[in-house]
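Visitor: I am new to this structure and would like a close look at a single part of it, with its surroundings explained afterwards. Please take your time over the answer.

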Amino acid sequence: MLSRRSLLASVAASGLAAGLPRLASAQDATAVPGGNIRFVDPMIGTGGHGHVYPGASVPFGMIQLSPDTDNARWDACSGYYYDDKTLLGFSHSHLSGTGASDMLDLLVVPVLGEVRIKPGTLADPQGSYRTRMSHEAETATPGYYSIVLPETGIKAELTASARSGLHRYTFPAGDAHLLIDWAHGFRNYDGSATRLISSSIKLLDAHTLVGSRVVRQWAQGRVIHFALRLSQPADSMTFYKDETEITGATAYDGTSLKVALHFGKDLSGPLLVKAALSAVDVDGALANLDSDGLGFRFDETVAEARAAWDSAIGGITLETDDTQKRQIFYTALYHTHLAPTLFSDSDGRYRGMDKQVHQLPPDRFNYSTYSLWDTYRALHPLMTLIAPQRAMAFAENLIEQGEQSPSGPVIWPLQGVETFCMIGWHSAVVIAEALHKGLFGDRTSTVAKRAWTLYRKLAFDRSTPGLNAYRTLGYIPCDLEGESVSKTLEYAYDDWAMAHMAQAAGAYMDSALLRERSRTYRQVFDKATQFCRPRLTNGQWATPFDPRSMGYNSKRWWDYTESNSWQATFLNQHDIYGHIELFGGDAAFEAKLDALFNASSDLPSDAPPDMTGMIGQYVHGNEPSHHIAYLYAYAGAHHKTQARIHDILRTQYRDDPDGMAGNEDCGQMSAWYILSALGFYPVDPVSGVYVFGSPLFPKADITLGNGRQLTILADGAGDDKPYIDSVSWRGVPQTRSWIGHADLMQGGVLHFVMSDKPNLAFGRAPTDRPPSFQYS
């Protein structure tokens, strides 16, 4: 244990006592915010399978300062689960809505009375630093979170800036302590400890702790450093390894490290704690700590966080009397701004995918938390409309990360580590979309050539058993590797995206080859059953076959990715008219879509837990279904798209903690809602085409990323009027069931007239249907 006298002597000797930020006077930061953020409820999605966190952050910020209720269950992937009754503490990094677990770096636990260092479990919290919690004592708004702990009366408040998190603890009378758990992180689902390769912690001065660790979780070998500063020095402190006190220590290397800071009974007002992280080094974390220039000014930090959120989600204004729908909409818009996350320090340094430290110029940033298998579908297209500069930055950052990564184009990068989670290389889609939509301006050709240099190796040279089979057979055999059907279909779509990339780079022969290869999805379509199904190396269809199953040999591996044959059969996003021909034409395709939505929702016992939000065999809780309801438009039955989208908007989203049909997946579930509620959706994001759906609000005003105004009117919109009677664009009547990205970015008025009866003629003519398998 180290005394306050020793602490102060250490500070005097080092000269570090001068220049510490002054403590701002304590104020009430719980006032109801103004602007659109007053409609945001961060608790939506914290229950069910939503997997979101309710804590404090800023748009796309590096820090996600949030309460942890558990770190060992799938439904607590974000560290927080609404149904939990106890709290572990507050950590600084969280994933938003993922189905995989990591992060929860640097847990801070306020304690009154006896310090207990064993974390315990949900089932056995006794003798631990778990404490009871009540939702009645919680407040969560964008950029601010607070809770009063019923057992001790401690009030904990959290806020954040781009690279640091700020805590404010108000302690009742008694012995006050802070427990800093540097061993905390997401545990294995069997409850075994967070896997640390190495860790260290050090007292830098009377107000400052720093530490480093390398973590082996979902992201294998993730490197992270922290700096933590106190507004008031502790009387004394105690280092622990596991549950053993390390006597007289001021620094320690080893795993399972915790530090207890003891303040006694003489705290002068609330205790402020400021913390920052860095993947580069401790110096980076220390610099990030001061980069916001706010010091310990808690209420000013809250105000700046709220201003950042107002700016981020203030560009869409709704006119509606439906308060629940408005709250769902703005919470969804909030969720679309939580990831990707900033991953470069205030000096521009960051740890790249090659594990090396790189330097960026002041006007550029590195990002992490790219859930690309999910977010290419709607999150990135949404950004091309409302924040094209950011969408461009994401796309260019993905090129750079692919250039650095030993494995090439990235799949699911998390804090400088490739997780190899999910299938395909959908970074190609995000980049191709940005190129096709002209986000790079006069740099388009240069960026395209840079990207194509990277992705051409993937398209034609990379050698794996699955890719080799895909190139030679046109499909991946199910007796060769798992997820064979989904991989075949998604590789085909990535080929389509890379064809656009090659076209923009001037590699026209490569583009033509990939354009043709993108039609290999046909090799897993069985015309006899009209399903996409697993196929053996010898060309035969694998049996037995059940379209609801995960595969013919699911005890060995699944043949589908978070889906089954019902959803995979409609996974084609780019050659839809060629796909329709396989079924025998429009009527047969429409009938098959009807069969999907009208089928029994029964699933086999080995189905993934996130196949939820079911309407027949349509699974809104998982991304392979997200474009399916819009496919009716390609068969000339657009009225069925309207009815289905209207139904999904009303039934799969609620303003409750369990109000999401499935995992939020870093903004994809919410982006689907935003675009669909506005009235359109990108079935094929690369094409720049949006298919009309069923607009939810009478009026929406959108400030586009280029500063122009887009107004969407939907006369008569309501629960009883799902159908489009007519559409006009900029005053000109339209019969097409779609609109192009370039048109929308001009700004103007998109005017729908809604009805309780379908207009069967709208969008029926082949010339009025959405284009597909085209470059422009």
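In which loop is P544 found?

Guide: This is a predicted model, and P544 is found in the loop between β28, residues 531–532, and α13, residues 565–568. Within that loop, the peptide bond that joins T543 and P544 is cis, with an omega of about 0°. Most peptide bonds are trans, and most residues other than glycine have a negative phi.

Another cis peptide bond joins A339 and P340, again with omega at about 0°. P340 has its place in the loop between α4, which covers 323–335, and β21, which covers 341–342. A backbone feature of another kind belongs to M103, which has a positive phi of about 75° although it is not a glycine. M103 sits in the loop between β4 (89–91) and β5 (107–112).

From these loops we can turn to a sheet, whose six strands follow the order β20-β33-β34-β38-β35-β36, with mixed pairing, and which is open. At its edges stand β20 (316–319) and β36 (732–734), and because each of them has a single partner strand, one side of each is left without a neighbour in the sheet. On average, and with direction ignored, neighbouring strands of this sheet are turned by 20° against each other.

The pairings can be followed strand by strand. Strand β33, residues 699–703, pairs with strand β34, residues 709–715, in the antiparallel sense over five bridges, and A700 has I712 in β34 as its bridge partner. These two strands, β33 and β34, form a hairpin with five residues between them, and in the turn G707 has a positive phi of about 90°. Strand β34 is also joined to strand β38, residues 748–755, by six bridges, and here the two strands run parallel; T711 has V749 in β38 as its bridge partner. Towards the edge formed by β36, strand β35, residues 723–729, is joined to β36 by three bridges, and these strands run antiparallel. In that pairing S728 stands opposite P733 in β36.

Helices also pack against each other in this model, and one such pair is helix α16, residues 638–651, with helix α17, residues 668–678, whose axes lie 11 Å apart and meet at an angle of about 130°. An angle of that kind makes α16 oblique to α17, and the crossing in which α16 passes α17 is left-handed.

The last stop is the largest pocket, which holds about 770 Å³ of space. Its lining is made of 34 residues, and the closest to its centre are P59, F60, F365, Y367 and R390. The elements that give two or more residues to this lining are α3, which spans 298–313, and α7, which spans 388–404. Of the elements, α3 gives the most to the lining, with seven residues. Sorted by character, the residues of the lining divide into 19 nonpolar, nine polar and six charged.

To return to the part you asked about, P544 belongs to the loop between β28 and α13, and its peptide bond with T543 is cis.

Key:
Residues numbered from 1 in each chain as written. Predicted model: local features only at pLDDT ≥ 70, side-chain atom pairs only at ≥ 80, totals over all residues. Heavy atoms only, no water. 1 Å grid on protein atoms, 1.4 Å probe; cavity = no way out; pocket = protein on both sides within 12 Å on 5 of 7 lines; lining within 4 Å. Points joined across faces, edges and corners; volume = space filled by probe spheres on them. Helix = DSSP H or I, 4+ residues; strand = E, 2+ residues; numbered from the N terminus. Nonpolar A, V, L, I, M, F, W, Y, C, P; charged D, E, K, R; others polar. Pairing = 2+ DSSP bridges. Axes fitted to C-alpha atoms, helices over the stretch in contact; angles between N-to-C directions. Parallel < 35°, antiparallel > 145°, perpendicular 65-115°, else oblique. Left-handed = near helix turned anticlockwise from the far one by under 90°.
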